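Thanks for asking me to look this one over. Here are my notes, point by point, for you to read with the model open.

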Amino acid sequence: MSQESIKPGDDYFQDHLIVTHPDGNEEKISLPADDGEILKVGRELDNDVVLVDPRASRYHAEVRRTGNVVQIKDLESANGVEVNGEKIQPNTWVILAPRQQAKLAETQLSWQKSKSSQSTVVMKVQRRDQAKASDVPPRAHHPQPAQQAAERSTPMLPLVLGVGVVIALLVLLAALFLVFRGGSDSGTETAGQPVTSETAGQTPSSRDQGSLNQQSTSVDPTPSAIPSGPQLAIPLVELSKLQVSPIIFGASPNTTEAYIFINVRVRNAGNIPFIFSISNFSLKDRKSGQTFVEAGANTSENYLKQLGAIDRFENLGLTPGGSVPGSLVFQLEIDTYDLELEFQAPDVAPVVVGLGTVNMRRELDLAAGTPLAAIDGVSPATPAPTLEPTPTATLPAAIPAPRVVPRSALKGTIAYAAFDGNTYNLYLGDVASRESRYFRQAASQPAFSPDGSRIAFHSWDNASRGLVTMDVTGANPRLVANFIEDQLPTWTGDGSDIIFLTRRTGDRKSNLRQVDSNTENDEGVILGEGEYPSVGANGKMVFKGWGTTAFGLRISNPDMSDVEIVTNAENDTAPSLSPDGSKIAFMSRREGSNWDIYTANTDGSNLRRLTQDNAQDGLPAWSPDGNAIAFVSDRGGVWAVWVMTPDGKGISQLFTMEGAADGFVGNDNYASRGWAEERISWTSQKLVE
């Protein structure tokens, strides 16, 4: 063993927990020095040891020190804890011996004792005649007389000469190799320029370059070739929204401070990953030089949801070509500022985006409905009189018959969820009679199977949290995915599998995962990065892009091969494919703060806005025959399910909902994000008598 010296500040006396992640990376965590102090282990970010393991539970285990012993306890995790190859009982402290392996799902833990306590540590040996009892340093050991030195060095001379000859030959061979190699290289690279490698499965830039054929469909990451040239992470920050909003306490707004909300999208234009965190952002006033830190960390998650700030990631590894949205919150005194937004991630150059002059008082007055003329002190212009047109004799215009939803389309059953203030409950509505009935408590995001015989949904029930499939009669339930972050199930075309959105991994990336519809707790496979999947009757899948699939709507095969761009608007979501596979209906806020329904051809052409009401309209679902679109709206002051023709005509109400469409269950921002991650489903089967 090599000698090691003790230096001030070294962790020579510190015990460690060695964490071996599923990808093989190791992490060394200092164990608490105090008796009884506990380390929490799991996927949630508030754990002391955060696991990047999709099979680990949110709160998987605890580790503590008791005297000279380290113990581990399983917190009733889904996949348990094994020590020395044997599964331990939940909620029971078990001794973890030094270097003994504890297995948590696919993650390994071991206790590494401090170097000071290891009996095999090599200490520096002193000659007996140099040892002193005082603090005075020992005298240096002088060499023997010259004759003894010569006797020791003479046998070494041939060896030294031989080593010198070998080194000279090696240097000569290396020089020749470099000369011949340099002459054979046909291309050169400009010094200092980053080289980015484009890999299949990254952001599609056009319909000809949108394939994800090479993307791995397994949980294990596929090793990629190391790109040539400089290894650089290059963050690009795009501003999508800036809004000034009052801070409300009780019934009155704060008169001295207000919020500035900023929505951004951050891309990685480099060739190596970097760590993205919301806390890496700050605001700076160029006039005063004052800097403002991001305030969301000091705001409750529920309040952030109500404010619409939901895309808040910490320590997210952003891969080359990927992008991620971010919701920023800053709290400033109400004043006029010349602002710039700075993003400073670890080990990358800072990015500064100029926001210009922001007059917070003016923005608040405009938001409150104060006329612009009153704010700016400008009198409204007097309109010029217009002359009456000379009447011209014309034939009476033919009055077209009003467009209505054809009666043939108003058949079958629509499943929808209503929020009661605490959780969502699931209802089934008969389209023909416009009568509805209660179906399931603590459930939402319904999706009928292609033949209408089964239904999948997200269960909020603590006894069966995750995704459930069952017969429409309520029989044969299966908990096919058991993470609260598993969302928005959709059936494959043959009804055998379920594809869904999940944020279950420790890095909180949005992935699409596929599992068997009849197997409980099926691990399944990860298809790729994305959100809100929906498979149509023709077997094609539409989804909302995320990360490596950029943003906007995408269409692909169910395995996420042949990805093609449909739209590129940040707020386009909740896509639904028409039965003939030619059109996509979706909801968006692309033209303001209102949610509305749009349609487009699957190639992105013929984009149309169908709803024009000031209300919130969303969650479109096609009728089984493709002649109608159902949607959810609060027009008229109450949430209800409505229906219209595919061109937005003949709008009429079907069912008044038993609660709101918009709501948040619990405090997990990665599981509950309001109505923009809900859905309704329409089947031709009559399920309400």
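**Notes on the model**

1. Surface first. This is a predicted model, and its chain exposes about 35200 Å², with carbon and sulfur atoms supplying 51% of that area.

2. Next, the overall make-up. You'll find 5 helices and 44 strands in the chain. Of its 689 residues, 44% are buried. If you take the contacts in the chain with a separation of 6 or more, 51% of them are between residues 24 or more positions apart.

3. Now the nonpolar interior. The largest nonpolar core has 47 residues, and the ones with the most contacts inside it are I414, V632, V641, M657 and W675. Which strand gives the most to this core? That's β42, residues 640–644, with 5 residues. There is also a second, separate core, made of 36 residues, and F313, L339, V351 and Y670 are among them.

4. V641 is a good residue to click on. Leave aside its neighbours within four places in sequence, and V641 is in contact with I414, Y416, F631, V632, Q653, L654, F655 and M657. Of the names in that list, I414, V632 and M657 also appear with V641 among the residues with the most contacts inside the largest core.

5. Have a look at E44 too. It lies in the loop between β3 (38–42) and β4 (49–50). Is E44 buried or exposed? It counts as buried because its relative accessible area is 9%, and the cut-off for buried is under 20%. As for partners, the E44 side chain makes a polar contact with the side chain of R508 at 2.8 Å, and another polar contact, of 2.9 Å, joins the side chains of E44 and R58. So if you're inspecting this loop, bring up both arginines alongside E44.

6. Last, a sheet later in the numbering. Here 4 strands form an open sheet in the order β36-β37-β38-β39, with antiparallel pairing. Why do β36 (573–577) and β39 (608–609) each have one side without a neighbour in the sheet? Both stand at the edges, each with a single partner strand, so one side of each is left open in that sense. For β36 the partner is β37 (residues 583–588): the two run antiparallel and are joined by 3 bridges. To find the pairing on screen, start from L577, which stands opposite I584 in β37.

Terms used. Residues numbered from 1 in each chain as written. Predicted model: local features only at pLDDT ≥ 70, side-chain atom pairs only at ≥ 80, totals over all residues. Heavy atoms only, no water. Buried < 20%, exposed > 50% of the residue type's maximum accessible area, 1.4 Å probe, protein only. Polar contact = N/O pair within 3.5 Å; in protein donor to acceptor, adjacent residues only side chain to side chain. Pairing = 2+ DSSP bridges. Core = buried A, V, L, I, M, F, W, Y, C linked by side-chain atoms within 4.5 Å. Contact = heavy atoms within 4.5 Å. Areas by Shrake-Rupley, 256 points an atom, 1.4 Å probe, with all protein chains shown as cover.
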